[in-house]
Amino acid sequence: MKKIIVTGGLGFIGSNLIDLLISKNYQVINIDKITYSSNFYNLREHKNSNKYKFIRCDIKDKKLKKIIYKYKPSCIFNLAAESHVDRSISNPMDFVKSNINSTINLLESSRFYLNKNKELQKKFRLIHVSTDEIYGSLKKNSKKFTEKNNLDPSSPYSSSKASTDLLVKAWHKTFNLPVLI
């Protein structure tokens, strides 16, 4: 059974992703630091499943490297992020420190993992979940954003998320880390 790590799995999107992955017969390791937006209720049916493991951890902690190495995932979905525009306006430094430092630690931990397991290089993926808010407001003539739109973040939240996207791209180009955004 393939192992997948989901960071931020106690959030709304993360918990739905975990439900889907378990239904597809993946073993899921859910890493979440537990914040105001965490919800154990969404994953209650998996609590005692052998396909599910919960680990309380902030992904900016150094122990993330050991967790990844121990469970040897074929994929990591990164959904962990401080979110909500209004909260980012009240506490901008929390968003910058958390989102950017967490992403750098995840990238470095993944790079370390692949350096120790070269055979996984072609099979492993780090999937970094972004947000449309990095593109700013939709223009009147536009119907949707695409990845070709220019970055135009308008809050500390969207700026920190745009920064994480750029970091993920840099780790891909510089270190050949297999990523998707």
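**Exercise 1.** In this predicted model, list which residues Leu126 touches, leaving out those up to four places away in sequence, and then place Leu126 within the nonpolar cores.

*Solution.* Step 1: with contact set at heavy atoms within 4.5 Å, Leucine 126 touches Ile76, Asn78, Leu106, Leu107, Ser110, Leu177, Pro178, Val179 and Leu180.
Step 2: the largest nonpolar core has 23 residues, and Leu126 and Ile31 are the ones that touch the most other members.
Step 3: at least two residues of this core come from each of β2 (27–32), α2 (63–71), α4 (92–116) and α5 (156–175).
Step 4: α4 provides the largest share, 5 residues.
Step 5: another core of 14 residues lies apart from this one; Ile4, Val6, Ile18 and Leu43 are among its members.

**Exercise 2.** Describe the largest pocket by its volume, its lining and the classes of its lining residues.

*Solution.* Step 1: the volume is about 610 Å³.
Step 2: 30 residues line the pocket, and Gly8, Leu79, Ala80, Ala81 and Ser83 lie nearest its centre.
Step 3: α1 (12–23), β2, α4 and α5 contribute at least two lining residues each.
Step 4: sorted by class, the lining holds 12 nonpolar, 13 polar and 5 charged residues.

**Exercise 3.** Which element gives the most to the lining of the second largest pocket, and which residues lie nearest the centre of that pocket?

*Solution.* Step 1: the second largest pocket has a volume of about 260 Å³.
Step 2: its lining comprises 13 residues, with Ile134, Tyr135, Glu147, Asp165 and Ile181 nearest the centre.
Step 3: α5 gives the most to this lining, 3 residues.
Step 4: the lining splits into 6 nonpolar, 3 polar and 4 charged residues.

Terms used
Residues numbered from 1 in each chain as written. Predicted model: local features only at pLDDT ≥ 70, side-chain atom pairs only at ≥ 80, totals over all residues. Heavy atoms only, no water. Core = buried A, V, L, I, M, F, W, Y, C linked by side-chain atoms within 4.5 Å. Buried < 20%, exposed > 50% of the residue type's maximum accessible area, 1.4 Å probe, protein only. Helix = DSSP H or I, 4+ residues; strand = E, 2+ residues; numbered from the N terminus. 1 Å grid on protein atoms, 1.4 Å probe; cavity = no way out; pocket = protein on both sides within 12 Å on 5 of 7 lines; lining within 4 Å. Points joined across faces, edges and corners; volume = space filled by probe spheres on them. Nonpolar A, V, L, I, M, F, W, Y, C, P; charged D, E, K, R; others polar.
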